[in-house]
Amino acid sequence: MNTITKPVYDSAANASPALTEIQELKHYRYLLKQLVRRDIVARYKRSVLGVAWTMLNPLGTMLIMTFVFSNLFKSVQSYPVYILSGLIAWNFFAQGTNAAMSGLVWGGSLMQRIYLPRTIFGVSAIGTALVNLLLSVVPLLVVMLITQTTIHLTFLFLPISILLLTGFALGFGLLLSALAIFFPDVAEMYQILLMAWMYLTPVIYPEEIIPAQFMTIYRINPMYWMLKMFRLPVYEGVIPTFQDLWPALAWSVGMLIVGWLFFTSRSDEYAYRV
Amino acid sequence: MLIESKPLLNQKAKLNSEPIITLQDVSVAYRVPKERIGTFKEYAIRTLQRKVQFNKFLALKDVSLTINRGEVFGIIGNNGAGKSTMLKVISRVLRPTQGRVLLYGKIAPLLELGAGFHPELTGRENVYLNGALLGYDQNAMDAVFEEIVEFSELREFIDAPLRTYSSGMYARLGFAVATAHVPEILIVDEILSVGDEAFQRKCNERMQSYQEQGSTVLIVSHGLAKIQDMCNRVLWLDHGQVQLIGDPAEVIEAYRRSNQ
């Protein structure tokens, strides 16, 4: 009779869903690993080159961009490295947030049947994108060697840049997927938004061509700061100053907290909605 | 075979009247919008106009009951009576709109066969993935892996991708994974009609051995004969409300009469 006093589950006890969710996620960390593994392994299972595609993909895009734009942006030194250092960050963000959104909608059918921590699909989507990002650092280094671009010691700042972007992407992905459950149109709208957002961010063009009067717009664009965190240490060879760092840090931490709180505060409703 | 062991079970249930699942005045209300609103614009306009209207649909109404450790508990009722909603509330999928659900043991839901399987991954990989979905970790799965392969009779195919499996093989693997560990509470939702007869018998035997080891089993089914055979107590749900709880034969008899 000793177990009676302490239930394993009490539907009435849910004082702080945001904190409970962190504990649940910790408990399900093996599932997290399995989901990331599934996404990476299953995607390339039938292709001959397999996971190598993760590295060939940004390389291919870079080649096309270089071919198309290198004449236009002659002023940019070693344009392939410029592109690639921004592109891997942008791809991570775009793929991760998209997968977080579709992952929750897909996982909805599972969540109707068994209990799972609701954030698990968002977190695993970002986890998968993170593995892809880490793998795409390899072609970046290769291109830097081929184009004889100096690899500065500041390259070692990259883990911090990745951490900042991961926080931002996870927060944004959770926010987005919560919205997509209530309004299915969000998923379609986001594809268009992403395209506009990419052109409003200096991914393929150099910052210098931005007219001065538009710089305010760029300064409120979080991805502008995130890309800076990648370009400065990799391409320019300098450690970001505090002035460059704080907007990225604020966006990262702020978005993560907002996204997590918003998502978990609604998480009881998802099973009713999906 | 099933009937023989029943006296033993009844005895056990009497000895062990320790609650494992308690529902206190549980209600579940689905809010069904009168019209479908799927875009921001519409939603914003209607919220401003206070025109978002919902029909409240009560899938469960003030359900209170206690299920004891070691019981085999059946739930019957017509379609839409709230059986599945009840399982969802108990398996933590839905948080009740009102009332309280208390669990004093770990739940192992029988995932509908193959849910959560990935066709491109091998049987081996899917065993681990499915186990993880059910909340087990690597060590727990390593410990039962051999047993799962044995039980599902899929040793030759365990390293082939799942898309090459037949639906019967899917079902066998699904059942083997979901029941690999002796569960404290096992939830079965209309599942035993899959696979060939020999495998069905094996499933029944396994579930019975779990009962004997003290597992609590919750069964939802339309197969009244099976419910009567297996269960110690039966609940008849109708329009989300408890009609009758008690001895399987009596409850099923009352349910049958009401349907005539």
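Q: Helices are DSSP runs of H or I with at least four residues, strands are runs of E with at least two, and both are numbered from the N terminus. So in which element do we find L165(A)?

A: Go to chain A and look for helix α6: L165(A) has its place there. One thing to know before going on: this is a predicted model, where local features need pLDDT of at least 70 and side-chain atom pairs count only at pLDDT 80 or more, while totals for chains, interfaces and linings use all residues. As for labels, residues are numbered from 1 along each chain as its sequence is written, and chains are lettered from A and ligands numbered from 1 in the order in which they are written.

Q: Why does L165(A) count as buried?

A: A buried residue has 20 or more other C-beta atoms within 10 Å of its own, an exposed one has 12 or fewer, and a partly exposed one falls in between (C-beta atoms are placed from the backbone). L165(A) has 29 such neighbours, so it counts as buried. Over the whole of chain A, 39% of the 274 residues get that label.

Q: Which residues is L165(A) in contact with, leaving aside neighbours within four places in sequence?

A: Contact means that two C-beta atoms lie within 7 Å. With those neighbours set aside, the partners of L165(A) are A89(A), F92(A), F93(A), M226(A) and M229(A). For a sense of distance, L179(A) is 14 residues away from L165(A) in sequence and 21 Å away in space, C-alpha to C-alpha.

Q: What makes up chain A as a whole?

A: Chain A has eleven helices and one strand, and the strand leads from the N terminus, with the helices after it. The C-alpha atoms of chain A fill a box of roughly 75 × 45 × 35 Å along the principal axes. Take contacts in chain A between residues at least 6 apart in sequence: 79% of them join residues at least 24 apart.

Q: How do α5(A) and α6(A) meet, and at what angle do their axes cross?

A: Axes are lines fitted to C-alpha atoms, for helices over the stretch in contact, with angles from 0 to 180 degrees between N-to-C directions. Helix α5 (residues 120-146) and helix α6 (residues 158-182) of chain A have axes that come within 10 Å and cross at roughly 145°. On the α5(A) side, the residues that meet α6(A) include V123(A), I126(A) and L130(A); among those in α6(A) are I162(A), A169(A) and L174(A).

Q: What classes of residue does the contact of α5(A) with α6(A) have?

A: Ala, Val, Leu, Ile, Met, Phe, Trp, Tyr, Cys and Pro count as nonpolar, Asp, Glu, Lys and Arg as charged, and the others, Gly among them, as polar. This contact has nine nonpolar, four polar and no charged residues.

Q: How many residues of chain A touch chain B?

A: 30 residues of chain A are in contact with 34 of chain B. The largest share of the chain A side, six residues, comes from α2(A). By class, that side has 20 nonpolar, four polar and six charged residues.

Q: How do you know that β1(A) pairs with β4(B)?

A: Pairing takes at least two DSSP bridges between the strands. Two bridges join β1(A) to β4 (residues 98-103) of chain B, and the strands run antiparallel. One partner pair is D10(A) and L102(B), the latter in β4(B).

Q: What is the order of the six strands in the open sheet of chain B?

A: The order is β5-β6-β7-β3-β8-β9, with mixed pairing. β5 (107-109) and β9 are the edge strands because each pairs on one side only. Inside the sheet, β3(B) and β7(B) pair in the parallel sense over four bridges, with F73(B) opposite L218(B). β8(B) and β9(B), by contrast, run antiparallel with five bridges, and L237(B) stands opposite V242(B). In their hairpin, with two residues between the strands, H239(B) takes a positive phi near 45°.

Q: Why does E120(B) count as partly exposed?

A: E120(B) has 16 C-beta neighbours inside 10 Å, so it falls between the two cut-offs and counts as partly exposed. E120(B) lies in the loop between β5 and α4 of chain B. Leaving aside neighbours within four places in sequence, its contacts are A42(A), K45(A), P161(B) and R163(B).
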